[in-house]
Amino acid sequence: MKKIVLAVILLYSGVLAAQQKSFDYFIKNATVYDGTGAAGTILHVGISKDKIQYVGTDSTMQAKNVIDGRGYVLSPGFIDPHTHADRWLKGDDTNYLFPWVAQGVTTVFVGSDGFGTYEINKSFATFEEKGMGANVAAFVGFGPIRSKVLGNDVVQPDKADIEEMKILVEQGMKEGALGLSTGLLYVPQIWSKTPEIVELSKVAAQYGGIYDTHMRSESNNIIQSINEVITIGKEAGLPVHISHIKISGERNWGRSTEVIELIDKHRAAGMDITANQYPFVASLTGLKNGLMPKWALAGGNARMVQRLNDPEDLKKIKAFLVKRTDEQNKRVVVSTLDKEMQYLNGKSLYDLCQEWQLPIEEAAVKLLKLKPSISGMSFTMDEQDILNFSKQPWVMTGSDGGGFHPRTYATFTQIVENYSLAKEVFPLEWAIHRATGMTARKFKIPNRGEIREGYFADIILFKPEEVKAHSDFVHIDRLSEGMRYVFVNGKPVIEEKNFTKKLPGQTIKRAQ
Ligand SMILES: [Zn+2]
């Protein structure tokens, strides 16, 4: 009798399990890299609605769609902690975020370099209304806050100004920002001093946020800049993160060793300091930032153009520009997504001097008058420094993507194809971890970044040897290749290697 009852119960619970476990997708026999840095194991993964419902060894589960994952890697979708995808999300067909999705990226952070709004809810509502090809999380940016309270001129805040700025940081944090982001190269953030940033960071700290920064200097003053980050972390009491860590300028090449030593020392003393990095030897930013003397940037673009038209100011600006060498001018190349200026793409400042038959001080002024916000790549890094940083256990992958630069199209694929497989800098499980679990944990992204039951189904399926980063400095806007499936919240945005043009991305708020 007992046996019969037991058999009935077993049968019944078996039926129940089968009924419960009818997934939308069931991916069988893939090599699962769970995002924690652990090596791959062959497992089966079930997805229903927007969640991972099952991870295990039972292959008999039912599903509407069964995918044979044999020979494929299954991992969490990549999380990109530093992007300028904001404007892509606002565009009518750019909101699919194809350059990212093609690399297996399922979450992008926006508001980087201190450019993000403090009105997170409002900007999230705009993104949601249009739809998103990937998930979006945001930083509250220092720039708009300082600009609102103090304008764009060279001004220092008084106590009341600081209080006013703190309220705006608080708004951003309350609305789910991951933390405070700064870009201390950019107007008006460039005028701030450390104590001001410490005060604002204290608000981010109160809400469990992070300090994320594009440092004041990535070249000659790199050590001072890192010390500033450390001071902010200590005095405000929050984790800190250095975006696109790099060594710029030939005379600084090799100093990655010094920087690594400094960061390691503070990490050993208990400081939570990490960084992200893209694997390319050129950076990209507004050309004015590298060309103009600092004082000439004050007030913003319109004010800069006024100075370029003012004979006295122009004389001083030209005296500054004339010191540039041919070698320096050859390293700076126009690279813009701005359609009306793209005829200049690929041309160096040196090329423009030749073409326009002008000395550099005239050519640079002509260029900035044509388009004050024009961007360009600077070939100022050494591959060895990039490699050194990439080997550190505190460095994540971050594209800084958004502009006309291979980093937008091929950062994550370059890490898999080139750094992990070809150069064997680190194993595949680490290439995955530094773009998934490590990032989710540092930035408090809830229930993502790992392959785990109950987590959101942000999942990619690919053969490592098929991953190709096609974008390079000559052919920039070439999408990466190799993703067979990319699921965002359980919906495929890439299905059997084709874009589905679905927009299943969600906005993400910092975990409480
Ligand atoms: Zn930056």
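Asp113 is buried in this predicted model, with a relative accessible area of 2%. Asp113 also serves the zinc ion, alongside His214 and His244. Here is a friendly tour of that site, followed by a look at how two helices pack.

**Zinc site**

- The protein donors of the zinc ion are two OD entries from Asp113, ND1 of His214 and NE2 of His244.
- These donors lie 2.1 to 2.4 Å from the zinc ion.
- The angles subtended by the four donor atoms run from 56 to 147°, which makes the arrangement irregular; to count as tetrahedral, all angles would have to lie between 85 and 135 degrees.
- Along the sequence, the donor residues follow the spacing D-x100-H-x29-H.
- Asp113 sits in the loop between strand 7 (105-110) and helix 4 (120-130), while His214 belongs to strand 11 (residues 210-214), so this pair ties together parts that are 101 residues apart in sequence.

**Burial of the donors**

- Like Asp113, which has a value under the 20% cut-off, His214 is buried.
- The relative accessible area of His214 is 6%.

**Helix packing**

- Helix 7 (residues 194-206) packs against helix 8 (residues 222-236) at an angle of about 45°, and their axes are 8 Å apart.
- That angle makes helix 7 oblique to helix 8.
- The two helices, 7 and 8, form a right-handed crossing.
- On the helix 7 side, the contact is made by Thr194, Ile197, Val198, Ser201, Lys202 and Ala205.
- Helix 8 contributes Glu228, Thr231, Ile232, Glu235 and Ala236 to the contact.

Technical notes
Residues numbered from 1 in each chain as written. Predicted model: local features only at pLDDT ≥ 70, side-chain atom pairs only at ≥ 80, totals over all residues. Heavy atoms only, no water. Donors = N, O, S within 2.8 Å, 3.2 Å for Na, K, Ca; no water. Tetrahedral: all angles 85-135°; square planar, octahedral: opposite > 155°, others 65-115°. Helix = DSSP H or I, 4+ residues; strand = E, 2+ residues; numbered from the N terminus. Buried < 20%, exposed > 50% of the residue type's maximum accessible area, 1.4 Å probe, protein only. Axes fitted to C-alpha atoms, helices over the stretch in contact; angles between N-to-C directions. Parallel < 35°, antiparallel > 145°, perpendicular 65-115°, else oblique. Left-handed = near helix turned anticlockwise from the far one by under 90°. Contact = heavy atoms within 4.5 Å.
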